[in-house]
Every structure is written in structure tokens, then in C-alpha cells.
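Colleague: Could you take me closely through the aromatic side chains in this model, and then place them in their surroundings? Please state your cut-offs as you go.

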There are 2 protein chains.
Amino acid sequence: MFSKACEYALKIMIYLCTVQEEGKLAGLKDISNANGSPEAYTAKILQQLVKNGLLQSHRGPTGGFKVSDRPITLLEVVVAIDGESIVKDCVLGLRECSSARPCPVHDKFVAIRDHLKGVLNTTYLTDIKSGVIEGNRFLKL
Amino acid sequence: MFSKACEYALKIMIYLCTVQEEGKLAGLKDISNANGSPEAYTAKILQQLVKNGLLQSHRGPTGGFKVSDRPITLLEVVVAIDGESIVKDCVLGLRECSSARPCPVHDKFVAIRDHLKGVLNTTYLTDIKSGVIEGNRFLKL
DNA sequence: CTAATTAAGGATATAAAGGTCCGAAAATCT
DNA sequence: AGATTTTCGGACCTTTATATCCTTAATTAG
Ligand code: FES
Ligand code: FES
């Protein structure tokens, strides 16, 4: 469904939300530990999230990462890493997904995709962080 | 969503259904032409579909491929090529997707996956071939 | 100012997916 | 039987995704 990088990105964002209190920063080591992702690769993804404006970073001692100070949806995270293909492209790989020139499964999958898009677009990081804080939702294993 | 190989497989199966009349066989060239997939790669996928019992093949002149003589769902095709990961694995990459140890987005995505699984499992190739035959659904471009 | 710490970023390595090539095996036709 | 056609199957190549390494730049603390 999502690329590995995107899975990591979602976990990173969720994790950072759960530790976010009055501007506290979390470092790379913390983050990769918390969601069980390889440290060096996690660093790359963090960079991409910063570039896309979803995170803010600060260097030097006491440095680290924090979530940008505005509501962020799952869709924004997914698009930042994987692009819009998951919610735009034809599932059978036609050059364009359109009702004007649909593939044989277009109608069925448009419904599924709208469902997916709806969830991604209306679920905010703040909506799902509570389960992790309470300890009944998990980021690794 | 699906691998390229799986996209091809679905188009192959749909195409073969549309040309299936009293045991006629379609050859590799026909098939790769019809859905715009590279010939050599298409051959590999055809082999896999034969191994999985979704197609029957015959060698030599007048040889080719035909769809096995029973109702086949989209799910069977997808599983034959991509395995069950799309309908089983945790979207955040946890080792196991379970309500006993759920990730933060488990509930939301179980709903989406059930929707997807439902469509795949109840849509038969024969249900969607008509649009292609009538020429208002397309397999390539 | 210097040393220490942390993110940034480029280069490189490894694995997997996507794709090609070619000879062997089976079936058909003459 | 021999030539031809078509699938089968293994080896190989290419591209992309995943992952690591190492140097540089920024920031802080002493
Ligand atoms: S054209 Fe294939 S999903 Fe829309
Ligand atoms: S545990 Fe992540 S989707 Fe079920």
C-alpha cells in the first residue's frame, strides 16, 4: 500500500506528536528507537519531512525535530513521501485514470480510493496520538 | 497499490476472458499487444498464472493460453502474483496486524481493507469483461 | 575560542522489482 | 522424420527502493 519510507514517515510523525510538549525536540536516535526504523535511513526521511514543511529541525546540542505547529493530516504525510499516486493513478496502470477512458475495474476502485482518500484527508495526527500515549496502540514490533 | 506484474496479470486475465469462445487459445503476442505489456515479461507472468491454476497453456503451433474453466475472482489473481500482503499486512509495517496489538491507524485501515477485500473477493472476471467487449472499457494507453 | 553535539547532504552499497535474452521442450504440420 | 511454432525455464541486465557511511555545517556549552 505505502512504501517502507512512507510507513516510517507516518510513524515518525505520530511519535513526534506524542512527545510534543511546549516546543520540546526529539533527536534522531530517540525517533528511530521509538519506531524501530534504521537510524541512517530515518535521518533521510526526517530531512524530507522538514523540506516538505511537516517538521521543523534545529541543529547542535539540544537540537532535534518537532512537528510543525498546525493541524496535519495523514494525507499530507503520505503525499510528502509517496506523492499522489495512491489516490490518483489507475490501479491497472493506464496512463490516466478518468471516467472518460476508464479501465474495466475503474468504478469499483474509484469507490475504494475515495474511501481511502477520505480517511487520509480527515484523519489528523492529533486524532490518533492518544492511543499511543495511553499505551494501547503501538509503533513497533 | 498492486505491483506492475499484478497489474499486467489482471489485464491478461480480463483480456483472455473477452476472447474466450469454445476453447480458443490466445498466444503471447496477442496478449502482450492487447494490454500493452512487454512481451518477455508478460511471458513470465503467464507462466506464473499457469502454475497457480488460473490459466491453462498449450505448446506448439495452434498453442496458447486460455482461462481455466471456472469462476475466478480478482482476489485470486492478485494473491497469485502479489500474495496476501495487501489484505493482511499492517499498513505501518508492524510484524503482525491484529486487534490485540494494533498500530495507531489499525481501525481506520481495517475498514478500508475490508472494503477492498470485499470488492476483490466478489468481483468475477466474467463480471467485468463485458465493458471491454463493448469497447467502453480499456486495457491500454 | 574550542570542543562537543546534532542535523544536512553527498556518495556508496545492497536488495528487490522490472524487464530482456536465449536455448530447451513440446506440439503441429508437411 | 524434419522444419516450424509456441510455451517453459534459467540466466542475465537495468532500474528503483532501501539502507549505510562519512564529511560538512550549524549550534551550544564550557
Ligand atoms: S482508469 Fe483504472 S482505476 Fe480509473
Ligand atoms: S496493526 Fe497496523 S493496520 Fe492493523
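**Aromatic rings and their setting**

Modeller: Phe2(A) and Phe109(B) are both buried, a term that stands for a relative accessible area under 20%, with exposed meaning over 50% and partly exposed in between (1.4 Å probe, protein chains only). The model is a predicted one, in which local features need pLDDT of at least 70 and side-chain atom pairs count only at pLDDT 80 or more, while totals for chains, interfaces and linings use all residues, and side-chain values rest on heavy atoms, with hydrogens and water left out. Residue numbers start from 1 along each chain as its sequence is written, and chains are lettered from A and ligands numbered from 1 in the order of writing.

Rings of Phe, Tyr and Trp (its six-membered ring) are paired if their centres lie within 6.5 Å, with planes under 30 degrees apart called stacked, over 60 edge-to-face and the rest tilted; by this rule there are four aromatic pairs over all chains. In one of them, Phe2(A) and Phe109(B) have ring centres 5.9 Å apart and planes at 80°, so the pair is edge-to-face. This pair crosses between chains, running from Phe2(A) in the segment before α1 of chain A to Phe109(B) in helix α6 (residues 106-122) of chain B; helices (H or I, at least four residues) and strands (E, at least two) are DSSP runs numbered from the N terminus.

Phe109(A) and Phe2(B) also make an edge-to-face pair, with 5.9 Å from centre to centre and 80° between the planes. Here too the pair crosses between chains, from helix α6 (residues 106-122) of chain A, which holds Phe109(A), to the segment before α1 (4-18) of chain B, which holds Phe2(B). Phe109(A) and Phe2(B) are both buried.

Charges also meet aromatic rings here. Arg101(A) lies over the face of Phe138(B) at 3.9 Å from the ring centre, where the criterion is NZ of Lys or CZ of Arg within 6 Å of the ring centre and within 35 degrees of the ring normal. The charged end of Arg101(B) is placed over the ring of Phe138(A), 3.9 Å from its centre.

As for the chain around these rings, chain A has seven helices and two strands, in the order α-α-α-β-β-α-α-α-α from the N terminus. Of its 141 residues, 45% are buried, and the C-alpha atoms of chain A fill a box of roughly 55 × 30 × 30 Å along the principal axes.

Turning to the DNA, 24 residues surround strand D (near it, with a heavy atom within 4 Å), and the closest are Lys4(A), Pro38(A), Pro61(A), Lys44(B) and Ser57(B). Of the atoms of strand D within 4 Å of the protein, 67% belong to sugar and phosphate. Elements that each supply at least two residues of this surface are α1 (4-18) and α3 (39-51) of chain A, with α3 (39-51), β1 (55-58) and β2 (64-67) of chain B. A polar backbone atom of Lys4(A) is 2.9 Å from a phosphate oxygen of strand D. The bases are reached by side-chain N or O atoms: that of Gln47(B) is 2.9 Å from a base nitrogen of strand D, and that of Arg59(B) is 3.2 Å from a base oxygen of strand D.

Note on methods:
Polar contact = N/O pair within 3.5 Å; in protein donor to acceptor, adjacent residues only side chain to side chain.
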